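Dear colleague,

I am handing over the structure we talked about, and you will find it just below. My notes on what was found in it follow, and I would be glad if you read them with the model open beside you.

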Amino acid sequence: MLNVPSQAFPAPRSQQRVASGGRSKVPLKQGRSLMDWIRLTKSGKDLTGLKGRLIEVTEEELKKHNKKDDCWICIRGFVYNVSPYMEYHPGGEDELMRAAGSDGTDLFDQVHRWVNYESMLKECLVGRMALKSPAPKDYCEEKKVLNGVFPQSQVTDTFAKEGHSSPSYDWFQTDSLVTIVIYTKQKDIGLDSIIVDHQGGSFRAETIIQDHSFLIYIELSHEIHEDFSVRVVENVGKIEIVLKKKENTSWKCLGHPRENHNSLIPKKDRGFLWLQILHSDLYYRKCQLISKEDVTHDTKLFCWLLPPSTHLQVPIGRHVYLKLTVTGTEIVKPYTPVSDSLISEFKEPPLPNNNYIYFLIKIYPAGLFTPELDHLQIGNFVSVSNPEGNLKISRFQELEDLFLLAAGTGFTPMVKILNYALTNIPSLRKVKLMFFNKTEDDIIWRSQLEKLAFKDKRFEVEFVLSAPTSEWNGKQGHISQALLSEFLKRSLDKSKALICVCGSTPFTEQGIRLLDDLNFPKDEIHSFTA
Ligand code: FAD
Ligand code: NAP
């Protein structure tokens, strides 16, 4: 039977009834209204004292936080630090203190059932209550020894030393669906933090958490349909993957673990060792070429279709490896996915889902890989790896000035950065791109960049050419101190700035040296390498 709410209005325990008849409201101090609370929660202030981490809370730990200035309350298995909320609570501090350091679910239900506490208190979330004795449900064979190369305890120890709680997972089922739930215990989790693949009978979900990957890798016990859905509950760091059963039978277990299943793997610094990558642990799926468009005389926009059994959104500033087999040898090179354009109206109508991945790739006629890529026909396949790279999105928080220094195809990481910064960073005052190329014909998306600068006054672009024609009246030469000192002017004296540099290795190294000479601190610089 459906749980239809009572028609009586106000409902027996609704805010209207309780406030007028039962519970008394306490007069709040000035500056402590609901709107003030909402403003505080959106200010970016660390309201839990945990710097954005989510932790697993034991009963013993919960009990310790029972004072007004250190008050944790558990509601339906989630623990909140309600100290910052005390003065904003319409029922007064004493009422909140009744549940201090304990499970306040019953008390909460008596008085506050109507309140959307998950939303009101989401910035106060400390984490989940620890399960008393988690029993692994997925192993069909008891105590099966895993082939894991990384002893999980060691990795987990390092992770814990860095102040993080280890992720975990669970699963449940209905007649037709199996839901796998990953508890990352981190707040900054988005749809681009999880990569899911279902190939043959294997199910693989890699969650990127800080500099680690949490892996679920299972040979499923039953067949599932090709497609699945992925949902992220950001404020609690929970990921749900819903698989569709082929047959409506009850599964006794999820399946058999594969290598590194249920382990937390540190991301390795791969450097420039392409050959090592051929045999490394990078995971690939085959993507189909959908379109190929000329962008300049030698650079093309490639669009690839991900298989329906893959969920992959490459985060900003990260690259992937493309793999082709050329005369029996596997060749692998890194490429940085871009959006299909800088401005949405350039491509109408947009393609219907997130399953496309775009690259701007320069074809070198004497190159090893790019001519092969260019020879592919529409419908042919290339293997695309999981993302790599180390740009942290947190570097954009509260940013005021963003400076981008790009040479040639070093422009590719700047595409998503531009789109992201201009649409998601309200504090941003100025974004400036200095784009180094040989000639005017080499400039990628020149008209889009000029149009964007016209449309969004925060954005400016400056082209610098090393081999211009005599008609060029813009800037000329190579990256230099003179060019940079004029270009890198902050909008405010002490503005929060980030400078991103990308091009050939010598270009990037030269850029970093010059920025150092100009006294830009290291924490304001991000350079793109492999
Ligand atoms: P290569 O075989 O590497 O040759 C490139 C050029 O160098 C050719 O002109 C070749 O003739 C010349 N050359 C090769 N060897 C020598 C030699 N010994 N002496 C003199 N000349 C030589 N590129 C993009 O176009 N788009 C991207 O999004 C992109 N993203 C990248 C992301 C990362 C993290 C990195 C590190 C690189 C990225 N690149 C990108 C560059 C890309 O990985 C390849 O290096 C590039 O496509 C060239 O590959 P290739 O095999 O075709 O050419
Ligand atoms: P390009 O056309 O050869 O060069 C672009 C501009 O940079 C030219 O004006 C060039 O001047 C200048 N330049 C090159 N080397 C320089 C140096 N050492 N000092 C100062 N200026 C220099 O560029 P491209 O062929 O597109 O190559 C782009 C490079 O970026 C590739 O090496 C690629 O691997 C790299 N890339 C890296 C990433 C990443 O994430 N790490 C992403 C994409 C691309 P000249 O005319 O004098 O050559």
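**The surroundings of ligand 2**

Around ligand 2 there are 21 residues, and the closest of them are Lys-362, Tyr-364, Thr-409, Ser-466 and His-478. Please keep in mind throughout that this is a predicted model, and that the distances quoted here are computed from it.

Two of those closest residues, Thr-409 and Ser-466, also appear in the list of polar atom pairs: an N or O atom in the side chain of Ser-466 is 2.6 Å from an oxygen atom of ligand 2, while Thr-409 places a backbone N or O atom 2.9 Å from an oxygen atom of this ligand. To these can be added Lys-438, whose side chain has an N or O atom 3.1 Å from an oxygen atom of ligand 2. Taken alone, ligand 2 exposes 930 Å², and the protein buries 71% of that area.

As to where the shell comes from, strand S25 (430–437) and helix H13 (505–517) each supply at least two of its residues. Sorted by class, the shell around ligand 2 consists of eleven polar, eight nonpolar and two charged residues, and the ligand itself sits in the second largest pocket.

**The surroundings of ligand 1**

Ligand 1 is surrounded by 18 residues, of which Lys-333, Pro-334, Tyr-335, Phe-369 and Thr-370 are the closest. Which kinds of atom does the protein bring up to the oxygen atoms of ligand 1, backbone or side-chain? Pro-334 does so with a polar backbone atom, at 2.7 Å, whereas Tyr-335 uses a polar side-chain atom, at 2.7 Å; Phe-369, for its part, has a backbone N or O atom 2.8 Å from an oxygen atom of the ligand. On its own, ligand 1 has 970 Å² of accessible area, and the protein covers 61% of it.

The space that ligand 1 takes is the second largest pocket, and the elements giving two or more residues to its shell are strand S20 (329–335) and strand S22 (356–362). The shell around ligand 1 divides into nine nonpolar, seven polar and two charged residues.

**Salt bridges**

The structure holds 27 salt bridges, and one example may be useful to look at on the screen: the side chains of Lys-64 and Glu-61 meet in a salt bridge with an N to O distance of 3.4 Å. Lys-64 and Glu-61 are three residues apart in helix H3 (residues 59–64), and are therefore separated by about one helical turn.

With best wishes

Key. Residues numbered from 1 in each chain as written. Chains lettered and ligands numbered in written order. Predicted model: local features only at pLDDT ≥ 70, side-chain atom pairs only at ≥ 80, totals over all residues. Heavy atoms only, no water. Near = heavy atom within 4 Å. Polar contact = N/O pair within 3.5 Å; in protein donor to acceptor, adjacent residues only side chain to side chain. Areas by Shrake-Rupley, 256 points an atom, 1.4 Å probe, with all protein chains shown as cover. 1 Å grid on protein atoms, 1.4 Å probe; cavity = no way out; pocket = protein on both sides within 12 Å on 5 of 7 lines; lining within 4 Å. Sits in = over half its atoms within 2 Å of the grid points. Helix = DSSP H or I, 4+ residues; strand = E, 2+ residues; numbered from the N terminus. Nonpolar A, V, L, I, M, F, W, Y, C, P; charged D, E, K, R; others polar. Salt bridge = Lys/Arg side-chain N within 4 Å of Asp/Glu carboxyl O.
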